[in-house]
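Me: I am new to this protein and would like a close look at a single part of it. Keep it brisk, please.

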Amino acid sequence: MSDTLVEIRDLKKYFPVMKGVIFQKPIGWVKAVDGVSYTIGTGETLGLVGESGCGKTTTSKLLLMLEKPTSGAIIFRGHDIQTLEKNELKTYRRGVQAVFQDPFSSLNPRIRVGDIIAEPVVVNEPLPKAQMQERVQELLRLVGLNPGASNLFPHEFSGGQRQRIAIARALSLNPSLIVLDEPVSALDVSIRAQIMNLLQDLQQQFGLSYLLIAHDLAAVLHLSTNIAVMYLGKIVEFGTSDELRHKPLHPYTQALFSAALPSHPDEQREEIIIAGEVPSPLNPPAGCRFHPRCPFAKPVCSEIEPALRSATNGHQVACHLYNEPS
């Protein structure tokens with residue numbers, strides 16, 4: 001078992017809903033992330049899946065310190081990041097990098113590729129020009145690009161090549177954790193496997209940890225060590241990739257996997273239809289948040305919120321079908 005790199009404890013992020021033009025006052029709170037807990041081990045990948053608006057991206061922004069949590073803790077290498085001093089904070093920001101969804105908008109079109117990759121290094125640890133050029137060329141080789149590409153502009157590359165450039169930029173500061181926000185969803189299907197294999201190779205070579213946010217369950221199953229399923233700000237199921245592939249427990253997870261493309265054309269799956277729309281995070285349902293859409297809902301589901309408990313060894317689920325309230 002790997003060492004714990006990141007531990008998230010009861011993390012919450014509420015956004016105020018304001019009323020008024022001049023004298024604004026909050027009339028409610030959008031509970032984007034509402035009591036989420038998980039860990040990411042060194043050299044592991046945690047896949048975070050769920051419908052749009054479930055809180056996946058907000059969770060990643062909290063980890064990248066682009067948003068401040070309402071409550072809860074983010075523990076990185078044993079230290080709460082909210083208590084870090086200036087120099088420690090700089091070290092944390094270097095150690096946690098990101099690769100975003102759209103390689104067409106995440107790279108500055110007016111800057112040459114070599115400068116794009118070198119920029120994080122210039123800001124954090126300036127190097128002599130010759131040494132910097134050598135570093136950039138090494139990073140381009142690592143992601144499968146010609147070192148001579150450093151003199152070109154982003155528009156001279158394909159989508160897959162641009163995502164390789166974004167990965168090289170993320171690697172430039174030797175991070176421990178990379179947040180991958182839909183890293184292959186904007187790419188052609190033929191290119192996705194190449195980028196996923198590259199990410200796996202880099203992980204094995206450098207012992208990287210990933211937080212993978214994606215709608216594509218095939219990509220999540222392929223890359224992830226563990227998977228957390230989110231629904232309306234909460235984790236409803238957590239387990240290894242193999243456990244969730246072969247035996248998803250929560251009705252929401254079962255529906256997600258039944259709607260995903262099969263790994264083989266002959267694979268037979270039971271189709272599970274979820275009725276209705278995702279409720280508003282401004283006014284989530286009482287009890288289990290999934291109960292208004294759940295085909296197996298019982299009276300207790302609308303009254304008591306199920307806790308995330310262990311169903312089997314390491315496999316956790318928040319559902320009254322498995323965890324009867326005491």
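Is Phe290 buried or exposed, and what is its relative accessible area?

Reply: Phe290 is buried, because its relative accessible area is 2%. Buried means under 20% relative accessible area, exposed means over 50%, and partly exposed is in between (1.4 Å probe, protein chains only).

A word on the model. It is predicted, so local features need pLDDT of at least 70 and side-chain atom pairs count only at pLDDT 80 or more, while totals for chains, interfaces and linings use all residues. Residues are numbered from 1 along each chain as its sequence is written, and side-chain values use heavy atoms, with hydrogens and water left out.

Now the place. Phe290 sits in the loop between H9 and strand E11 (309-312). Helices (H or I, at least four residues) and strands (E, at least two) are DSSP runs, numbered from the N terminus. Gly53 is 237 residues away from Phe290 in sequence, and their C-alpha atoms are 14 Å apart in space.

Next, the neighbours. Contact means heavy atoms within 4.5 Å. Setting aside residues within four places in sequence, Phe290 is in contact with Tyr231, His250, Pro251, Tyr252 and Ile274. Two of those partners, Tyr231 and Tyr252, form one aromatic cluster with Phe290. Rings of Phe, Tyr and Trp (its six-membered ring) pair if their centres lie within 6.5 Å; planes under 30 degrees apart count as stacked, over 60 as edge-to-face and the rest as tilted. The whole structure holds 4 aromatic pairs.

Pro251 and Tyr252 lead to helix H9. This helix covers residues 251-259, and 8 of its 9 residues are buried. They are Pro251, Tyr252, Thr253, Gln254, Ala255, Leu256, Phe257 and Ser258. The buried residues pack against strand E3 (45-49), helix H7 (217-223), strand E9 (226-231), strand E10 (234-240) and helix H8 (241-246).

Follow H9 to Val229. Leaving out neighbours within four places in sequence, Val229 is in contact with Tyr252, Thr253 and Leu256, among others. Its other contacts include Val49, Ile235, Val236 and Leu244. Val229 also belongs to the largest nonpolar core, which has 55 residues. A nonpolar core is a set of buried Ala, Val, Leu, Ile, Met, Phe, Trp, Tyr and Cys residues joined through side-chain atoms within 4.5 Å. Val229, Ile117, Ile167, Leu171 and Ile178 touch the most other members. H5 gives the most to this core, with 6 residues. Another core lies apart from it, with 29 residues, among them Cys54, Leu64, Leu84 and Ile213. In soluble globular proteins, nonpolar side chains tend to be buried together.

Back to Phe290, and to some empty space. The structure holds 1 cavity of 30 Å³ or more. On a 1 Å grid over the protein atoms alone, a cavity is a set of points where a 1.4 Å probe fits but cannot get out; lining residues have an atom within 4 Å of a point. Grid points are joined across faces, edges and corners, and a volume is the space filled by probe spheres set on the points. The largest cavity holds about 60 Å³ of space. Phe290 is one of its lining residues, along with His250, Pro251, Cys288, Cys294, Phe296, Ala297, Cys301, Pro306, Cys319, His320 and Leu321. By class, this lining has 10 nonpolar, 2 polar and no charged residues. Ala, Val, Leu, Ile, Met, Phe, Trp, Tyr, Cys and Pro count as nonpolar, Asp, Glu, Lys and Arg as charged, and the others, Gly among them, as polar.

Take one more lining residue, Leu321. Leu321 lies in the segment after strand E12 (315-317). Leu321 counts as partly exposed, because its relative accessibility is 38%. Beyond neighbours within four places in sequence, Leu321 is in contact with Pro251, Phe296 and Lys298. Pro251 is also a contact of Phe290. Leu249 is 72 residues from Leu321 along the chain, and their C-alpha atoms are separated by 9.0 Å.

So much for the surroundings of Phe290. To recap, Phe290 is buried at 2%, shares an aromatic cluster with Tyr231 and Tyr252, and helps line the largest cavity.

Notes. 1 Å grid on protein atoms, 1.4 Å probe; cavity = no way out; pocket = protein on both sides within 12 Å on 5 of 7 lines; lining within 4 Å.
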